[in-house]
Amino acid sequence: MKIDPHEVGARLRAAREAAGLSQEEFAAKISQKSAKKGITPINPETVRLWEKGSHPPQWNKLAQICSLLRIEEDELLFGSRRLEQIRSERPRLVYVTPKEADLIIIFRHSSGPAQLRILEVANTLADNDPG
């Protein structure tokens, strides 16, 4: 499936606005997350270019963007119709409940101590599972 930078930009802008962030605030938050991971920070002009569809975000920033905006990468890149298709196929691939799927997404967008805490909680739940 081809990624349309203009559509990605429109979805990015809508998600950013829904999160109540200006382009400047968004750039600052992404730059802060990037600095922690040793990735080059961005400036508001980069956000403007993304939203205009001049070019999509770099792959190494995608997880940070989606984590900050609380959307899935597939939704940002391909839209909600593709996300619905993925969700409908998920049970055929590996059975997980919707809550487990959400936990997996949160885990993927977390790092370090947060991932360890998620694993601790998951292990506790697994130990208490009567099934």
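Student: How many helices and how many strands does the protein chain have in this predicted model?

Tutor: The protein chain has eight helices and zero strands, and, read along the sequence, it follows the pattern α-α-α-α-α-α-α-α.

Student: What makes the span of helix H2 close to the one expected?

Tutor: Helix H2, residues 23-36, has 14 residues and reaches 20 Å from its first C-alpha to its last; because the expected span is 1.5 Å times one less than the number of residues, the value to set against it is 20 Å, and the two are close.

Student: Which residues of H2 are called buried, and why do they count as lying on the same side of the helix?

Tutor: Buried means under 20% relative accessible area, and in H2 that term applies to Gln 23, Phe 26, Ala 27, Ile 30, Ser 31 and Ser 34. They cover an arc of only 130° around the axis, and therefore they lie on the same side of H2.

Student: What covers the buried residues of H2, and which exposed residues does the face turned away from them carry?

Tutor: The cover includes helix H1 (5-18), helix H3 (44-52) and helix H4 (59-69), where contact means heavy atoms within 4.5 Å. The face turned away from the buried side carries Gln 32, Ala 35 and Lys 36, which are called exposed because that word requires over 50% relative accessible area.

Student: What phi does Gly 38 take, just after H2?

Tutor: Gly 38 takes a positive phi of about 75°.

Student: What percentage of the residues of the protein chain count as buried?

Tutor: Of its 131 residues, 31% count as buried, while the chain exposes about 8,700 Å², of which carbon and sulfur atoms supply 54%.

Note on methods: Residues numbered from 1 in each chain as written. Predicted model: local features only at pLDDT ≥ 70, side-chain atom pairs only at ≥ 80, totals over all residues. Heavy atoms only, no water. Helix = DSSP H or I, 4+ residues; strand = E, 2+ residues; numbered from the N terminus. Buried < 20%, exposed > 50% of the residue type's maximum accessible area, 1.4 Å probe, protein only. Arc of directions from axis to C-beta. Areas by Shrake-Rupley, 256 points an atom, 1.4 Å probe, with all protein chains shown as cover.
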